[in-house]
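Colleague: I have this model open and would like a close look at one part of it, please. Could you take me through strand pairing around a single strand, and then show me how the chains and helices around it meet?

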Amino acid sequence: MATELSTAAALRRMPLSAAPTSWASDTMQARIRKRYRQERIFKGLGVLALAIAGGFLLFLLVTVIASGWNSFRQTQVLVPVTFDAALLGVTAEQARADPRLLSRANFQGVMASSAERAFGDDAELVSDGAWLALREKVEADPGVIGRTVPMWLIATSNMDQLAKGRIDLEAAEGDRPVNDAEVFAWRTLEGEGKLRTVLNRTFLGSADSVDPELAGIWGALKGSFLTVIVTLLISFPVGVLTAIYLEEFAAKNRWTDIVEVSINNLAAVPSIIFGLLGLAVFLNVLNMPRSAPVVGGLTLALMTLPVIVIASRASIKAVPPSIRDAALGIGASPVQVVFHHVLPLALPGMLTGTILGMARALGETAPLLMIGMRAFLTSVPQGLAQPATVLPVQIFIWSDNVSRGFVEKTSGAIIVLLAFLLTINSLAIYLRNKFEVRW
Amino acid sequence: MNEMTLSANPNSANLADVTVTPERPKMTARDVRVSYGEAEALKGVSIDVTTDSVTAFIGPSGCGKSTFLRCLNRMNDTIPGARVKGEILLDGHDINAPDMDVVQLRARVGMVFQKPNPFPKSIYENVAYGPRIHGLASRKADMDGVVEQSLRRAGLWDEVKDRLADSGTALSGGQQQRLCIARAIAVNPEVILMDEPASALDPIATAKIEELIDDLRGRYAIVIVTHNMQQAARVSQKTAFFHLGTMVEYGDTREIFTNPKEARTKDYITGRYG
Amino acid sequence: MTLGLAFIAVLALAALGFWLGRQRGMAFADASGREAQGRIGAVHSRPGYHGAFVAIMALVPALLVLAAWAVLVDGLVSREVLASLPPDAVGTGDLERNAFLSEVRGLVRGDYAAAFNVHAEAAAATWKSASARYGLLFGSAALALGLMGGLWGWTRLQPDFRARTRVERSMMVLLVAASLVAILTTFGIVASLLFESYRFFQMVSPSEFLFGTTWSPQTAIRADQVGSSGAFGAVPLFWGTIFIGAILAMIVAIPLGLMTAIYLTQYADPRFRRVAKPVLEVLAGVPTVVYGFFAALTVAPAVRDFGIAIGISDASSESALAAGLVMGVMIIPFVSSMADDALTAVPSSMRDGSLAMGATPSETIRRVMIPAALPGIVGGVLLAVSRAIGETMIVVMAAGLAANLTANPFNSVTTVTAQIVALLTGDQEFDSAKTLSAFALGLVLFLVTLALNIYALAVVKKYREAYD
C-alpha cells in the first residue's frame, strides 16, 4: 500500500463488507436465540453455585441442630431413695456433728439399692453419677438419713435416648442399646409420670465424663475462655504495636522487608505448624506445662498475630495523611501524632481484625492437639497452668465416640461453639460495616 | 457521498418496511429524560442524528451530554438506579421497546469510550471479538479479512500488521483508541457513538483520530461528545450544545460557532464559562 | 512470693513512680508558670511525661529480673532438687531425670495425689522450699532494682529535662520489640522444624523419606528391623494430601467459588450482595472441626453407600472423596472472595467496552472479565490450595490413617497433616524416628505452603498493580 495514499482513498479501495449485517435473517435470529439461551444457562449456574454453597450451610446447621438440640434437655427418673444409715455408714447425728464424714459415705450403694428396689436389677435406669445428687441432699439436710425421699435422678444415656425417641424399638433386642426390661420400665414410668425432661444443667455445667449423660461442656468452655484470654492479652498489644511500627516509623529497608515478609507468610502458614512450634519450643525447650491454657494461648497468639497486624495496618493506612500533617503542624511529636490521633481513628478497624482473629482462635483445634490439650478431663480447669481442654477439641474427642448419647452431646457442643462464633463474627462484620469510614 | 453509504437496512427484523433516505434521520430522540435515583441528569432532550454528517455534543462537564450519548445504545442499563424516559428511535423503532433486543441494538450502535479500553487480548483478538460473538465471520480467512479491513479503516493496519499477536494493551494511547474504533467498526455498525474519544490523547494522536472520524463520515452515523470546541468545529457538521441537563441549541456546526442564537451558547463558545 | 504477685508489686511500684514524677512535673510547671507566664518551652515536657519517665525507669530493671526469674527458676530449682537426692535415687540418663522431674512438678502442682517414685514426695517438698526461696530472692531483687531505678529517674527530673524524648524513645524500643515477635516466630518455626528434622534424617535417609512408597511408622519401635526403623516413605502421604486438597477439594471449590463470585459481582442486585457476602463470610468462619464432624458423621457414610451403589465394592467409610468434598465446601468462601476481589479489580471500562459491542453479560464475563482477572483468580486458587493442604481437622476426622497410594476416590488415603496429628498425640518419645518424622512432615508442609504462598501473593500483587 502506497504510503502517500490518504486513508480515505485506501478505504474506498477496501470496502468493509458488501451489505449491512442482516440481523433479520433466520441464521442470525437463531444465533441470537442461542446466545440468549447460553446467557440464561450461565446465570443459572451462578444461582446454582450460590444455592449449593448456601444450601450446604443450611444443611449443616439443620443437621447439627436437629441432632444436637436434645442435648440441652435431660431425662430424669423419680426414684424413692431410702437413706439407710447402715448402708450409708453415717448416721444423721454423726453427719451433723462432722459433715466431713459424708465424703466417705456410701452414696453409690444407697442409690444402687434404691434403684434396684424400684426397678429390679434387669433394667439400668439411673445414671452411675446420680449419687452426687444424694450427697447434696444429705449435705443440705442430714435429717433425711434414715428416711425414704422421692428424688428426681439423672437417667442413663440409654433411657435418655429412649425418652427422646432416638432409639429404634423395631430392632431386635440384641441390636439396640436397651434391653426389653428397660423398654418395659420406660413405658411403665412414662405412664405413671415418673419420667420428666428438664433443662440439662449437667451438660451446661460440668466437665467431660465417660458417661454421656454426665458429660458437660463447661470445662471445655472455660478452657476456651482462659486460652482466648491469654491469646488476646498477647496478640492484641503486640499486633497493634507491630502495625504502628511498620506503618508509621519503620524505614524502608531490608529489615522492614524481612518483618513484612514474615508477617505475610505467617498469615498463611497452616495452623498445625504453629502447634509443632508450640510443642518444640514451649513444651520441650521452655518446659512449660502440657495441656495448659497458657501454652495454648501463647501458641494461638502467634497464630493470630499476623491477622491482627494485617488488619491494623490496613486500618492505619486508611487514616488520611492530612490528619497527621495537621497534628505535626501544631507541634506534636511523631509519637504523639500516632497515639493521640492516628490510633484512635484506626482503633475500630483494629478491633474488628482482633475480633475476627479471636474467633479464629476460638475455633482452632489442630495446634492445640499438638500441645496436648486433648486430655480427658473430668474437672473444670481452675488456672492458666492447669490441664484444660477447649471446646473444639472437646468436640473432636467426643466425635470419636459413636454411642448415640455422645453424638448428641457432640452436636450440642457444636451448637454452643457455633453460637459463640457466629455472634462474634457477626459483631465483627457489623462493626466493620458501621465504622467503614470513607475519608 | 460514495456508494458505500450505509442507509437502508432492508433485512432488519424490526424495520423491514422502512426505507431510509439520507434526509431521514438515522436516530431520533424525543423528550429524553434520565434520572439517577432522585437526581435528574437529563431534562428532556430531542435531537435527530443523520448518517451523512458527524454530530457533536458540546457543553461543560456534568451537562448531561455523555449521559445522553449512553442512552443511544442503552449503556445506561448497566448503571444501577438509572431510569430513562422519553422516546429514542433507531430507523423508526423505539430502542427501549420490550421487543428491541439490546444485543442487536448495541451491535448496530457501536461505542468508543473516553479512555481507550482494549481488552487484555492480542490486537487480532480485540478486533475479532465482536464478529466472533455475533457470528459475522465463520471461516478463519473471513475473520482475517474483517480484522484487516477494520484495522485499515481505523488507520492502524500499517502500524500493527506485523504484530497482530501482541497484546492490545501494549499499544500507545492513540493506537489503543484507534484499535477500539477498529473493534467497533468490525461488527459493521450503523451508528458509532464516541464519548470524548481524544480527551486522554496527545495532540498528534488526537489529530489522527479526528482525521479518522472525517474518513468514517458517510459510512456511519457518528455522534461525538467533546469538551473541546475546536475539535467539534473541525470534525462535525452538526453541533448540539448541552447545559445543565438540557439541550440549549442544535444546528449546523458553522452556524453554532459563528452565529449562535442562544446567549448561553455564545457565552460558552467564547469561553465565558466551561 | 509467686511470679504473679511480684508482677503486681512491680506494677504498683511503677504506678507510684508515675504519680510522684507527675507531681514533680506539675510543680515545675507551676513554678515556671509564675516566672514565665506559661511560656511554651520553659518546662520541656508535660508532667505526664515526667511521671512516665520515672515509671519506665522503675519498670524496666524490675521486669528484666522477673523475666530472668521466669526463665531460670525451673532449671535452678531442678538442679537443687536433683542435688538433694541420694546419688542412686534416679537414673543418670536425661530421660529418667526428666521423667522424675515432671512427676515432681506434677506433685507440686497437685496434679497427682500420690507419687510413683519413692523419692518424689521428698523431692516435691525440696522443690517447694527451693522455689519459695528463689521466689523471695528474685522478687526482692526485682523490687529493689525497680526502686533504685525509679529513684534515679526521679532525681533526674528538672524543668528542662527532656522527659518526653526519653519516654518516646522507650516507646520506639517497645515498637521494635513488638515487630521482632513476628520474626522470632518465623525463626522459631524454621529452627524447630529444621532441628527435629535433622535428628530424624540422621535415622532415616532423606531420599527414603521423600521417594519411598511405604509408610508405616508404627513398626518403628521393633528393634530387629533393618536400621531399627519402620518404613518412612512419605510418597503415599504426599499423594493423599494432593489428592484430597489440590484435586478433589478444588474440583468442588473452584467452579462453585468462581460462579458464586461471578453471580455476586456481575448479576446480583446490590442489596442481595450486601446480604450474601456476610453469609459467605460466616460460612468461612465455621470451625474446621465442625466440618470434620459433619464429614465423618453425615457425608462419609453417604459417599460409601453411593460408592457401593455404583458398584465399587471396596468403598471405604473413610474415603478421600468425603474429605475432599467437605474440604471443597469449606474452601468455597475463600475462593469466592479471592475471585470477587479479582473481578472487581477489572476496570469497568473493560466490561462496558464489551457490552457496548453487543456482547451478552455472560459473553462479556467469559471472554473479557475472566481472562482479564485470570492472574488474580489463579493467585487466589493457589492460596486456596495452600490452605487445603494445610487443613488438618477434616482429614483427621474423615480421611483416616491408611497410607494408600490410590487414585480411587472411594478408597481411604491419608495426608501429611493427619499423620502429624496421629504421630504426635499419645505417647511421645523425643528420640524415636516415629515422633521425629512428624517434624520432617511438618517441614515439608511448611516449605510447600510457603512456596505456594509467596508465589501466589506475588501473582496477586502484580495483578492488583496492573489495574491500579
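Modeller: Here is a walk that starts at one strand of chain B and then moves out to the contacts between chains and to chains C and A.

Please keep in mind that this is a predicted model. Let us begin with strand S9 of chain B, residues 238-243. Six of its six residues are buried, so the strand is largely enclosed by the rest of the structure. The cover is found on both faces. Lys238(B), Ala240(B) and Phe242(B) point to one side, while Thr239(B), Phe241(B) and His243(B) lie on the other, and all of them are buried.

Now for the partners of S9(B). Strand S3 of chain B, residues 54-58, pairs with S9(B) in the parallel sense over four bridges. To find this pairing on your screen, look for Ala56(B), whose bridge partner in S9(B) is Thr239(B). S9(B) is also joined to strand S10 of chain B, residues 246-252, by six bridges, and here the two strands run antiparallel. In that pairing His243(B) stands opposite Thr246(B). S9(B) and S10(B) form a hairpin with two residues between the strands, and Leu244(B) in this hairpin takes a positive phi near 50°.

Staying with chain B, we can look at where it touches chain C. In this contact 24 residues of chain B meet 16 residues of chain C. On the side of chain B, the elements that give two or more residues are helix H2 (102-108), strand S6 (109-112), helix H3 (123-134) and helix H6 (173-186). Sorted by class, that side of chain B has 13 nonpolar, seven polar and four charged residues.

Chain C also touches chain A, with 69 residues from chain A and 70 residues from chain C taking part. Helix H2 of chain A, residues 26-68, gives the largest share of the chain A side, 18 residues. By class, the chain A side divides into 49 nonpolar, 16 polar and four charged residues.

One helix pair spans these two chains. Helix H17 of chain A (residues 391-399) packs against helix H9 of chain C (residues 288-309) at an angle of about 15°, with the axes 9 Å apart. The two helices are therefore roughly parallel to each other, and H17(A) passes H9(C) in a left-handed crossing. Pro392(A), Ile395(A), Phe396(A) and Ser399(A) make the contact from H17(A), and Val289(C), Phe293(C) and Ala296(C) make it from H9(C). Six of these residues are nonpolar, one is polar and none is charged.

Within chain C, helix H12 (residues 361-390) and helix H15 (residues 433-466) give a second pair to look at, with an angle of about 160° and axes 8 Å apart. H12(C) and H15(C) are therefore roughly antiparallel to each other, and their crossing is left-handed. The residues of H12(C) in this contact include Pro375(C), Gly376(C), Gly379(C), Gly380(C) and Leu383(C), and those of H15(C) include Leu445(C), Val448(C), Leu452(C), Tyr455(C) and Lys462(C). Taken by class, the contact has 14 nonpolar, seven polar and one charged residue.

Two single residues of chain C are worth a stop. Val413(C) sits in the loop between helix H13 (393-398) and helix H14 (416-424). With 33 other C-beta atoms within 10 Å, Val413(C) is buried. Val413(C) and Ala403(C) are 10 residues apart along the chain, and their C-alpha atoms are separated by 5.5 Å. Leaving out residues up to four places away in sequence, Val413(C) touches Gly240(C), Phe243(C), Ile244(C), Ala320(C), Ala399(C), Asn404(C) and Thr406(C). Asp341(C), in turn, is found in helix H10 of chain C, residues 320-345. Asp341(C) is partly exposed, having 19 other C-beta atoms within 10 Å. Its C-alpha atom is separated by 20 Å from that of Gly328(C), 13 residues apart along the chain.

Last, chain A has an open sheet to set beside the strands of chain B. Three strands form it in the order S2-S1-S3, with antiparallel pairing. Strand S2 (148-154) and strand S3 (195-199) of chain A stand at the edges, each with a single partner strand, so one side of each has no neighbour in the sheet. From one strand to the next the twist averages 35°. Strand S1 of chain A, residues 73-82, is joined to S2(A) by seven bridges, and Gln76(A) stands opposite Ile154(A) in S2(A).

Methods
Residues numbered from 1 in each chain as written. Chains lettered and ligands numbered in written order. Predicted model: local features only at pLDDT ≥ 70, side-chain atom pairs only at ≥ 80, totals over all residues. Contact = placed C-beta atoms within 7 Å. Nonpolar A, V, L, I, M, F, W, Y, C, P; charged D, E, K, R; others polar. Axes fitted to C-alpha atoms, helices over the stretch in contact; angles between N-to-C directions. Parallel < 35°, antiparallel > 145°, perpendicular 65-115°, else oblique. Left-handed = near helix turned anticlockwise from the far one by under 90°. Pairing = 2+ DSSP bridges. Buried ≥ 20, exposed ≤ 12 C-beta atoms within 10 Å, placed from the backbone.
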